[in-house]
Amino acid sequence: MNRRGFVKFSALTMCMGLCELSAADEKYTYLDEADRKIFHSIYKKLGLIQKQVGYSNFSVISFDEALKTAKDFSHIGAFDMKELTLMEKIFYMDASKLGFYGDRTVQKITSQIDKKEIVKIKSAGQYLFKGKPKEDYERIMRDIGPTLKLTSGIRSVIKQTYLFYGKVIRLNGNLSLASFNIAPPGYSYHTIRDFDVGRIDWGYANFTSRFATTKEFSKLRRLKYISIRYGVNNDYGVRFEPWHVKVLV
Ligand SMILES: [Zn+2]
């Protein structure tokens, strides 16, 4: 599927609101110019919250817990109304308008991850849901061996927000292209069951198509009890993610 194309960045100067830019039959949606400062401020606060609560805890922290942490620590500072409004606007937007066609996985921004339902994978500093996700992970590790590792487990709405915002910032406010690379908050399967795996000592390369060239991936794709969520030319409108394990339910 090739629904996205490139448009000239200069057109941005005319853009107001969560605007759409047309270029032939393809278009991108960019972050509103007026929202950019607020967006950066939210991202900075989320980074400080992550530092405050720790990397692992941050991956399962709820919206309300994040708000409380920001309020309780003066070096972070409470989120103001403009920041809360923008966070809600982005969480509740229709991702299909950005070219992301996956289902919404989380209905409410305040949705919480039940701490009794999760387990920490200590070697990875990540959490997985008990039951099928954890069982699949352990079975994958047995079948593929110690050169594989868990690279990303459960991501709460807040964690997904932080990752998505980081991508948007690195892509100069391009919400469409960001959602091609990472699910918008509220649309990630990490929030409800999926997880990512990679090769030990491969670092960032685990999150590139190079992972598809590894023997670990060759074995992974042959396993019958899991699937790869975002295959080549998938219907979600997402890039090929050979590392993202779809937990079958
Ligand atoms: Zn993933």
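The following exercises, each with a worked solution, concern a predicted model of a single chain.

**Exercise 1. Overall composition**

Determine how many helices and strands the chain contains, and what share of its residues is buried.

*Solution.* The secondary structure consists of eight helices and eight strands. The chain has 249 residues, and 39% of them count as buried. Turning to contacts with a separation of 6 or more, 68% are accounted for by residues 24 or more positions apart.

**Exercise 2. The four-stranded sheet**

Establish the order of the strands in the open sheet of four strands, and state which strands stand at its edges.

*Solution.* Begin with the order, which is β5-β6-β8-β7, with antiparallel pairing. Next, consider the edges: β5 (148-152) and β7 each have a single partner strand, so one side of each is left without a neighbour in the sheet. Neighbouring strands of this sheet are turned by 50° against each other on average, direction ignored.

The pairing of β5 with β6 can then be examined. These two strands run antiparallel and are joined by four bridges. One of the bridge pairs links L148 to R199, the latter in β6. Helix α5 (residues 132-144) packs on the sheet and touches β5, β6, β7 and β8. The direction of α5 makes about 145° with that of β5.

Finally, consider the burial of β5. Four of its five residues are buried, so β5 is largely enclosed by the rest of the structure.

**Exercise 3. The two sides of helix α1**

Identify the buried residues of α1, decide where they lie around the helix axis, and name the elements against which they pack.

*Solution.* First, describe the helix. Helix α1 spans residues 36-53, which is 18 residues. From its first C-alpha to its last it reaches 26 Å, close to the 26 Å expected at 1.5 Å a residue.

Second, list the buried positions: F39, I42, K45, L46, I49 and Q50. Seen down the axis of α1, these residues fall within an arc of 145°, so they line one face of the helix. On the other side of α1, K37 and H40 are exposed.

Third, identify the packing partners. The buried residues of α1 pack against α2 (55-58), α3 (63-72), α4 (81-91) and α6 (157-170). Just after the helix, G54 takes a positive phi of about 95°.

**Exercise 4. Helix α3 and its packing on α1**

Find the buried side of α3, and determine at what angle α1 and α3 pack.

*Solution.* The buried residues of α3 are F63, A66, T69 and A70. Around the axis they cover an arc of only 125°, which puts them on the same side of α3. The face turned away from this buried side carries the exposed residues D64, K71 and D72. The elements covering the buried residues of α3 include α1 and α6.

Now take the pair of helices. The axes of α1 and α3 are 10 Å apart, and the packing angle is about 90°. Angles of 65 to 115 degrees count as roughly perpendicular; α1 and α3 are therefore roughly perpendicular to each other. On the α1 side the contact is made by K45, I49, Q52 and V53, and on the α3 side by A66, T69 and A70.

**Exercise 5. The β3-β4 hairpin**

Describe how β3 and β4 pair, and state how many residues lie between them.

*Solution.* Strand β3 (residues 118-121) and strand β4 (residues 126-129) pair in the antiparallel sense over four bridges. Within this pairing, K120 has Y127 of β4 as its bridge partner. The two strands form a hairpin with four residues between them. In the turn, G125 has a positive phi of about 65°.

**Exercise 6. Positive phi outside glycine**

Locate D201 and N233, and decide whether each is buried or exposed.

*Solution.* The starting point is a general one: most residues other than glycine have a negative phi. Phi of D201, by contrast, is near 65°, and phi of N233 is near 50°.

D201 lies in the loop between β6 (195-199) and α8 (215-222). N233 is placed in the loop between β7 (226-230) and β8 (241-247).

For the burial step, a residue is exposed if 12 or fewer other C-beta atoms lie within 10 Å of its own. D201 has 9 such atoms within 10 Å, and is therefore exposed. N233 has 8 within 10 Å, so N233 is exposed as well.

Definitions and conventions
Residues numbered from 1 in each chain as written. Predicted model: local features only at pLDDT ≥ 70, side-chain atom pairs only at ≥ 80, totals over all residues. Buried ≥ 20, exposed ≤ 12 C-beta atoms within 10 Å, placed from the backbone. Contact = placed C-beta atoms within 7 Å. Pairing = 2+ DSSP bridges. Axes fitted to C-alpha atoms, helices over the stretch in contact; angles between N-to-C directions. Expected span 1.5 Å × (residues − 1). Arc of directions from axis to C-beta. Parallel < 35°, antiparallel > 145°, perpendicular 65-115°, else oblique.
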